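Hi,

Here is the structure I promised to pass on to you. Have a look at it first, and then read on for what turned up.

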Amino acid sequence: MAKKRLPLPKRFSAGLTEAAYAQLRDLNADWGLGNNYLLVVLLENLDLYADREKLDNVFREFIAEYGAPAK
């Protein structure tokens, strides 16, 4: 039986740092998934593997260093 293909109806352009893109390439090498699917797996399952307190701290540190875009 053929494997199902996950539809990805939302599209956007994303800019990444070299370090972030290197992480995506490493994950692709390990799992054989394209960037779109890797991001889906990471974001849809974030609560399963990321400690909320640590994640909040990472975002606070990022905003303290780079700021946040105006809304």
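At what angle do the axes of α1 and α2 cross? Before the answer, please keep in mind that this is a predicted model.

The angle is roughly 95°, and the two axes come within 10 Å. That makes α1 and α2 roughly perpendicular to each other, because angles of 65 to 115 degrees count as such. If you want to find the contact on screen, pick out Tyr21, Leu24, Leu27 and Asn28 on the α1 side, then Asn35, Leu38, Leu39 and Leu42 on the α2 side. Sorted by class, the residues of this contact come out as 6 nonpolar and 2 polar, with no charged ones.

Next, the pockets. The largest has a volume of about 920 Å³. Its lining is made up of 19 residues, and nearest the centre you'll find Leu16, Ala20, Leu39, Leu42 and Phe59. Four helices each give two or more residues to that lining: α1 (18–31), α2 (35–44), α3 (46–49) and α4 (52–66). As for the kind of residues, 17 are nonpolar and 2 are polar, while charged ones are absent.

The second largest pocket has a volume of about 370 Å³. There are 16 residues around it, with Lys10, Phe12, Asn36, Leu39 and Val40 closest to the centre. Here α2 is the top contributor, giving 6 residues to the lining. This time charged residues do appear: the lining has 3 of them, along with 11 nonpolar and 2 polar.

Leu39 is worth clicking on, by the way. You'll meet Leu39 in the contact between α1 and α2, among the residues nearest the centre of the largest pocket, and again among those closest to the centre of the second largest one.

Last, how many salt bridges does the structure hold? Just 1. It joins the side chains of Asp56 and Arg52, at 3.2 Å from N to O. Both residues sit in helix α4, and they are about one helical turn apart because 4 residues separate their positions.

Cheers

Notes:
Residues are numbered from 1 along each chain as its sequence is written. This is a predicted model: local features need pLDDT of at least 70, side-chain atom pairs count only at pLDDT 80 or more; totals for chains, interfaces and linings use all residues. Side-chain values use heavy atoms; hydrogens and water are left out. On a 1 Å grid over the protein atoms alone, a cavity is a set of points where a 1.4 Å probe fits but cannot get out, and a pocket is an open set with protein on both sides within 12 Å along at least five of seven lines; lining residues have an atom within 4 Å of a point. Grid points are joined across faces, edges and corners, and a volume is the space filled by probe spheres set on the points. Ala, Val, Leu, Ile, Met, Phe, Trp, Tyr, Cys and Pro count as nonpolar, Asp, Glu, Lys and Arg as charged, and the others, Gly among them, as polar. Axes are lines fitted to C-alpha atoms, for helices over the stretch in contact, and angles run from 0 to 180 degrees between N-to-C directions. Angles under 35 degrees count as roughly parallel, over 145 as roughly antiparallel, 65 to 115 as roughly perpendicular and the rest as oblique. Contact means heavy atoms within 4.5 Å. A salt bridge is a side-chain nitrogen of Lys or Arg within 4 Å of a carboxyl oxygen of Asp or Glu.
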